[in-house]
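Let's take a walk through this structure together, from its overall make-up to a few individual residues. Please keep the model open beside you as you read.

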Amino acid sequence: MPQYPHFAKVFMRPCTVILFAACVYLGAGTATAQASMIQNGNFSTPGSPPAPFAVWTTTLGDPPTNGGGFAVFTEGPNLVELEQAFLMSANPLTISFEFKLSREAGGSTGGAPDSFQATLWDAAINNPFAATGSAQFPAFFSVDNTGQEFYDSSLVSVTALAGGWQRVTLNVSSLPSQSRILEFDLNGFNDGQTTTAFLDNVDGASSDAAIVPEPGALLLGLSSGPCLLLALRFRRRTSPKRPLRPESSSDLRAEQ
Ligand SMILES: [Ca+2]
């Protein structure tokens with residue numbers, strides 16, 4: 001419409017907003033359909049006090065606190081514990097999480113180093129999967145605040161992330177569909193250090209193929225590619241210096 005240059009601009013702006021919103025809606029709908037075996041794994045939904053997070057519970061010791069989209073385990077007089085009961089999918093792949101440890105000098109000395117541990121129990125809490133040692137050491141991953149890590153490298157991999165964070169991935173593809181409990185603990189000891197552990201992005205991936213978008217999402221899906229391209233093209237023209245990456249909890253946690 002070359003004879004109405006202003007019309008195109010005025011028309012495109014609300015159109016872009018609508019199209020972009022449609023893309024966001026579609027993406028959100030798809031993400032919901034592809035829900036992880038673990039719920040609220042990014043700790044975005046607060047719980048009802050004293051529980052810091054929805055879905056997650058604490059059955060031993062003290063709960064962690066909400067750092068603003070991630071869990072903060074601060075060493076205190078008691079164990080700091082967080083767990084979630086969930087149903088292992090029929091086609092499970094991995095359980096993964098991201099963590100970071102920090103420590104400050106202080107407190108009594110003479111004990112073992114503080115440690116942060118992740119354990120995958122069966123529903124009866126008597127059969128840990130991929131335990132790193134004896135029944136007294138049931139975690140599939142344990143890290144001391146000295147940096148020493150304990151895990152079975154045939155089932156667990158550890159990847160360094162930005163800002164001192166690490167991602168731990170446990171292969172659970174051999175497990176049947178059954179109720180399980182994923183537990184995280186900060187164990188504090190008199191080691192002359194006060195330790196804090198940060199936890200985020202707990203995920204349970206599966207290869208379940210039966211992910212069918214809802215009819216409304218399917219209709220939107222037919223136009224998702226073109227509308228995203230339109231939205232991004234227009235956005236680049238109007239906001240060339242604005243980053244495309246949305247803010248996330250990783251921006252907050254990077255400050256830790
Ligand atoms: Ca300590």
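A good place to begin is Glu104, which sits in strand β4, residues 92-105. Is Glu104 buried or exposed? Glu104 counts as exposed, because it has 10 C-beta neighbours inside 10 Å, and a residue with 12 or fewer falls in that class. Even so, Glu104 has partners from far along the chain: its C-alpha atom is separated by 6.6 Å from that of Thr195, a residue 91 places away in sequence. Setting aside residues up to four places away, Glu104 touches Gln193 and Thr194.

Now step back to the whole chain, bearing in mind that this is a predicted model. The secondary structure comes to 4 helices and 11 strands. Of the 256 residues in the chain, 28% are buried. Among contacts between residues at least 6 apart in sequence, 70% join residues at least 24 apart.

The confidence of the prediction deserves a look before we go further. The average pLDDT of the chain is 77, and 66% of the residues score at least 70. Over residues 215-252 the pLDDT is below 50, and this stretch has 31 contacts in the model beyond near neighbours in sequence. Residues 1-33 also stay under a pLDDT of 50, with 29 contacts beyond four places in sequence.

Next come the sheets. Strand β4, where we started, belongs to an open sheet of 6 strands with antiparallel pairing, in the order β1-β2-β11-β4-β9-β8. Which strands stand at the edges of this sheet? They are β1 and β8 (156-160); each has a single partner strand, so one side of each is left without a neighbour in the sheet.

Let's follow this sheet from the β1 end. Strands β1 and β2 run antiparallel and are joined by 2 bridges, with Thr65 having Val72 in β2 as its bridge partner. The two strands form a hairpin with 4 residues between them, and in the turn Gly68 has a positive phi of about 100 degrees. On strand β2, Ala71 and Phe73 make up the covered face, whereas Val72 and Thr74 lie on the uncovered one. Moving on, 4 bridges join β2 to β11, again in an antiparallel arrangement. Here Phe73, from the covered face of β2, stands opposite Ala197 in β11.

At the other end of the sheet, β8 pairs with strand β9 (residues 166-171) in the antiparallel sense over 5 bridges. One pair to find there is Val158 and its bridge partner Val168 in β9.

A further open sheet has 5 strands, also with antiparallel pairing, in the order β3-β10-β5-β6-β7. Its edge strands are β3 and β7 (149-151), each of which pairs on one side only. From one strand to the next, the twist averages 15 degrees. Within this sheet, β5 and β10 pair in the antiparallel sense over 8 bridges, and Leu120 stands opposite Leu182 in β10.

With the strands in place, we can turn to the interior. The largest nonpolar core has 36 residues, and those with the most contacts inside it are Phe99, Phe140, Phe141, Leu170, Ala197 and Leu199. Which strands each supply at least two residues of this core? They are β2 (71-74), β3 (80-87), β4, β5, β6, β9, β10 (179-187) and β11. Take Phe141 as an example: leaving aside neighbours within four places in sequence, it is in contact with Gln117, Ala118, Tyr151, Val156 and Val168. You met Val168 above as the bridge partner of Val158.

Finally, a few backbone details are worth a visit. Asn201, in strand β11 (residues 193-206), has a positive phi of about 50 degrees although it is not a glycine. Asn201 counts as buried because it has 22 C-beta neighbours inside 10 Å, where the cut-off is 20 or more. Ile125 also has a positive phi, of about 55 degrees, without being a glycine. This residue is found in the loop between β5 (115-122) and β6 (141-144), and with 13 other C-beta atoms within 10 Å Ile125 is partly exposed. Last of all, Pro49 and Pro50 are joined by a cis peptide bond, with omega about 10 degrees. Look for Pro50 in the loop between α1 (5-33) and β1 (65-66).

Definitions and conventions: Residues numbered from 1 in each chain as written. Predicted model: local features only at pLDDT ≥ 70, side-chain atom pairs only at ≥ 80, totals over all residues. Contact = placed C-beta atoms within 7 Å. Pairing = 2+ DSSP bridges. Core = buried A, V, L, I, M, F, W, Y, C linked by C-beta atoms within 7 Å. pLDDT = per-residue confidence, 0-100. Axes fitted to C-alpha atoms, helices over the stretch in contact; angles between N-to-C directions.
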